[in-house]
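Hi there,

Here is the structure I promised to pass on. Have a look at it first, and then read on for what turned up.

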Amino acid sequence: MKALQLENPKVWRMIDIPEPEAPGDGEALVRVHRVGICGTDVGGYLGKMPFFSYPRIPGHELGVEVLEVGSDVTNIKVGDHCAVEAYLNCQKCYSCQRGFTNCCEHHKTLGVMCDGGLTDRIILPARKLHPANNLKYEQAALVETLAIGCHAVDRAASRKGETVLIIGAGPIGLSALEFVKISGARPIVADLSDSRLEFVREKMGVPDTILIQNNESDFSTLEEMTNGQRADVVIDATGHNGSMVRSLELAAFAGRVVYVGITQQNLEFPHAPVMHRRELTLMASRNALSSDFARIISLIEDGTINTTPWITHRTTFDKVIDEFETFTRPESGVIKAVIELP
């Protein structure tokens, strides 16, 4: 069976792997139909993702079909279309026992710490499969990306009447945007790319955007938009240490700052004049919870979340090696690329 493997950063290989065995207790055999490409995959390709190990078969944003189930599996059946919760948790550690399965102490993400879905068929824990029979496979593959934003906004606890500044208009920032809109808060989106901000305005229906050109311009524009109050919530989806530090300065007094992006660098920020004086709350947001997946599937089904604008690029399994580099370039206009498997 063919699979696509990142042997090292920027080095793809088409490899042969064994056919999967029959699913065991609590497992399911699934066929992979669609694989979304996200920032984690790009970071793994570029060698910039801190949790990525090599060699690795990527692929964690998956739209799959259930082919066979093991014993004691009741949540899915053969033929179901499913979204995949890519966060494999141990169910035994202190975090898992308290319900924080997204930050399991022994966590592994498919396609990052263990091999993922860039192949024809894989065995998965059935508890990580969420039926999505009313969705297209490519919509099911979007659910995991949306779940990251859903969890970040839940952490932020944004509510009607508040202003939420989202820094970074890539897929994770846009997924947070969907749930800020649902919360009733007023979103403002900031990014370095004018084309991405145009996408936010025209495709996502959000008029308030800030083109980040230098430190003074984006700060003054935010103040103008908020009558000098800044943002009640700042969600930084950039993974850039400079932006993450600056995000605290953009928060209002008693504001909340959520880091959903990841950096390997240390962060240094002034405590007394910013963190302490404003009594800010600083949070990280990692992965998502199982309950987020069912919620998102329902929101797509009822039309609350429109997935049509999301997928801007498509490719096929046999063209990934030749075309993947394109998806790393902002000038390509890519928001979300999806790989189609036969």
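Before the helices come up, one definition: axes are lines fitted to C-alpha atoms, for helices over the stretch in contact, and angles between N-to-C directions run from 0 to 180 degrees. Please also keep in mind that this is a predicted model.

With that in hand, take helix α7 (residues 241-249), which lies across β10, β13, β14 (251-259) and β15. The direction of α7 is at about 155° to that of β14.

Those strands belong to an open sheet of 6 strands, ordered β12-β11-β10-β13-β14-β15, with parallel pairing. The edges are taken by β12 (209-211) and β15 (281-284); each has a single partner strand, so one side of each is left without a neighbour in the sheet. From one strand to the next, the twist averages 20°.

Within this sheet, β10 (residues 163-167) and β11 (residues 186-191) are paired in the parallel sense over 5 bridges. One residue to look up there is L165, whose bridge partner in β11 is I188. Helix α4 (residues 171-183) also packs on the sheet, where it touches β10, β11 and β13 (231-236). The direction of α4 makes about 170° with that of β10.

Next, strand β3 (residues 27-37). How many of its 11 residues are buried? The count is 9, so to speak of β3 as mostly covered is fair. Its pairings are these:

- With β4 (residues 61-69), β3 runs antiparallel, joined by 8 bridges; L29 stands opposite E68 there.
- With β8 (residues 121-125), β3 is again antiparallel, over 5 bridges, and the bridge partner of L29 in β8 is I123.
- With β17 (residues 336-340), 4 bridges join the antiparallel strands, and V35 has I339 as its bridge partner in β17.

Finally, the nonpolar cores. The largest has 85 residues, and the members that touch the most others are L129, L174 and I235. Helix α3 (residues 137-156) gives the most to this core, with 10 residues. Leaving aside residues up to four places away in sequence, L174 touches A169, F199, V200, M204, W310 and I335. There is also a second, separate core of 18 residues, which includes L165, A190, L222 and V257. L165 is thus worth finding on screen, as the residue that bridges to I188 and also a member of that second core.

Happy browsing, and all the best!

Key
Residues numbered from 1 in each chain as written. Predicted model: local features only at pLDDT ≥ 70, side-chain atom pairs only at ≥ 80, totals over all residues. Heavy atoms only, no water. Core = buried A, V, L, I, M, F, W, Y, C linked by side-chain atoms within 4.5 Å. Buried < 20%, exposed > 50% of the residue type's maximum accessible area, 1.4 Å probe, protein only. Helix = DSSP H or I, 4+ residues; strand = E, 2+ residues; numbered from the N terminus. Contact = heavy atoms within 4.5 Å. Pairing = 2+ DSSP bridges.
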